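Here is a short set of exercises to work through with the model open beside you. Try each task on your own before reading the solution.

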Amino acid sequence: MTGCGAMVAAPRCPEVAMLPFGAMADPESPGEHPNAALLRAAAAGDQQAWESIVDRYANLVWSVARSFQLGQSDAADVSQATWLRLVEHVEDVREADKLGSWLATTARREAIALLRKGGRDVPAGSAGDFVGHLGVQIGLAPVEDEPDASVLRDERDAVLWQEFRALSGQCQQLLRVLIADPPPSYAEVSAALDVPIGSIGPTRKRCLGTLRRRLAASI
C-alpha cells in the first residue's frame, strides 16, 4: 500500500530473478543523478530498486491520474498501467533526472486513453486528505485548539471542497498535481498537464487567489 491512496504494487520484471539491492547495479558515478543507479538496478531485476522508484514517484502518478477527475478505481488502473509502461521501457529512459516527467507524461496519456475508451465523464471520488493539503496551500488556520474542533474542521473542509469544485477545470487539475507529496518539480507538472513551465507559477497564484476569495465569501 502506498501513501497515494490506492493499491499500487511495486512492478516486477517477470523474466528476471530479483536480487538484493545493488547486487547487479553499477555504483553511482560522481555527479550522476540518483535515479540513474536506480534505473540500472531496476533494469537488472533489483526489486528494491523498483520499490524505491515507486515510493519516490507513486504520489505524483496518483495525483496526475486524479487530476483527470477519475474515481479511485480508475485512478488505480491508470497508476498500474503507468508502472507497467515503465517496466516495459525502463531501459529506454535515457535521462534519469527526467524520470518524474516521463512518469507524469505517461500517466497523463494513460488517463486520456482511459477516458476516450470509456467515452464518458468519470466522477471524482471523495476529497479525502486532499482538502487538508489544499487548506495548507491557501493558509487556512488550524482549528485543533478550538471547541468542537472536529465538527468545525469537517464543516470548513466541506465548504473548501465545494469551492474547489467550483474552480475551472484547469485550476482543479493544476492544484491536484501540485499538491502531490513530495511536491513535483515544475518540469514534472509541465509534463503531466502538457503546459509551458513558465505558466505554472502564475496560474497557481491565480487559482489559489480565486479559491481564497471564494472561500472567504462562503465562510
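**Exercise 1. The overall fold**

Read along the sequence, which pattern does the protein chain follow?

*Solution.* Keep in mind that this is a predicted model. Step one is to list the secondary structure: the protein chain has nine helices and zero strands. Step two is to write these elements in order, which gives α-α-α-α-α-α-α-α-α. Step three looks at how the chain packs. Of the 219 residues in the protein chain, 45% are buried. Among contacts between residues at least 6 apart in sequence, 69% join residues at least 24 apart.

**Exercise 2. The geometry of helix α2**

Work out what span α2 should have, and compare it with the distance between its end C-alpha atoms.

*Solution.* Start with the length: α2 covers residues 47-67. At 1.5 Å a residue, its 21 residues should span 30 Å, because the expected span is 1.5 Å times one less than the number of residues. The end C-alpha atoms are 29 Å apart, which agrees. Next, follow the axis: α2 bends by about 50 degrees at Tyr-57. Now inspect both ends. At the start of α2, a side-chain oxygen of Asp-46 comes to within 3.0 Å of the backbone nitrogen of Gln-48. Just after α2, Gln-69 has a positive phi of about 65 degrees. Finally, consider the surroundings: 16 of the 21 residues of α2 are buried, so this helix is largely enclosed by the rest of the structure.

**Exercise 3. The nonpolar cores**

Find out which helix gives the most to the largest nonpolar core.

*Solution.* First, the core itself: it has 40 residues, and those with the most contacts inside it are Ile-53, Val-64, Trp-83, Leu-86 and Leu-99. Second, the contributors: α1, α2, α3, α4, α7 and α8 each supply at least two residues. The answer is α2, with 11 residues. Third, zoom in on Ile-53. Leaving aside neighbours within four places in sequence, Ile-53 is in contact with Leu-38, Leu-39, Ala-42, Trp-83, Leu-86 and Leu-99. A second, separate core of 13 residues includes Leu-134, Leu-167, Cys-171 and Cys-207. As background, nonpolar side chains tend to be buried together in soluble globular proteins.

**Exercise 4. One residue at the end of a helix**

Is Ser-67 buried or exposed?

*Solution.* Begin with the location: Ser-67 lies in helix α2. Its relative accessible area is 3%, and buried means under 20%, so Ser-67 is buried. Then check the polar side chain, which reaches the backbone oxygen of Val-64 at 2.6 Å. To finish, list the partners of Ser-67 beyond four places in sequence: Gln-173, Arg-176, Val-177 and Leu-193.

**Exercise 5. The covalent cross-link**

How many disulfides are there, and which residues form the link?

*Solution.* The count comes to one disulfide. Cys-171 and Cys-207 form this link, with their sulfur atoms 2.0 Å apart. The pair joins distant parts of the chain: Cys-171 sits in helix α7 and Cys-207 in helix α9, 36 residues apart. For the handedness, take the torsion about the S-S bond: at -75 degrees, the link is left-handed. Both Cys-171 and Cys-207 are buried.

Notes:
Residues are numbered from 1 along each chain as its sequence is written. This is a predicted model: local features need pLDDT of at least 70, side-chain atom pairs count only at pLDDT 80 or more; totals for chains, interfaces and linings use all residues. Side-chain values use heavy atoms; hydrogens and water are left out. Helices (H or I, at least four residues) and strands (E, at least two) are DSSP runs, numbered from the N terminus. Buried means under 20% relative accessible area, exposed over 50%, partly exposed in between (1.4 Å probe, protein chains only). A polar contact is a pair of N or O atoms within 3.5 Å; within protein, one must be able to donate a hydrogen and the other to accept it, and residues adjacent in sequence count only if both atoms are side-chain atoms. Contact means heavy atoms within 4.5 Å. A disulfide is a pair of cysteine sulfur atoms within 2.5 Å. A nonpolar core is a set of buried Ala, Val, Leu, Ile, Met, Phe, Trp, Tyr and Cys residues joined through side-chain atoms within 4.5 Å. The bend at a residue is the angle between axes fitted to the seven residues ending there and the seven starting there.
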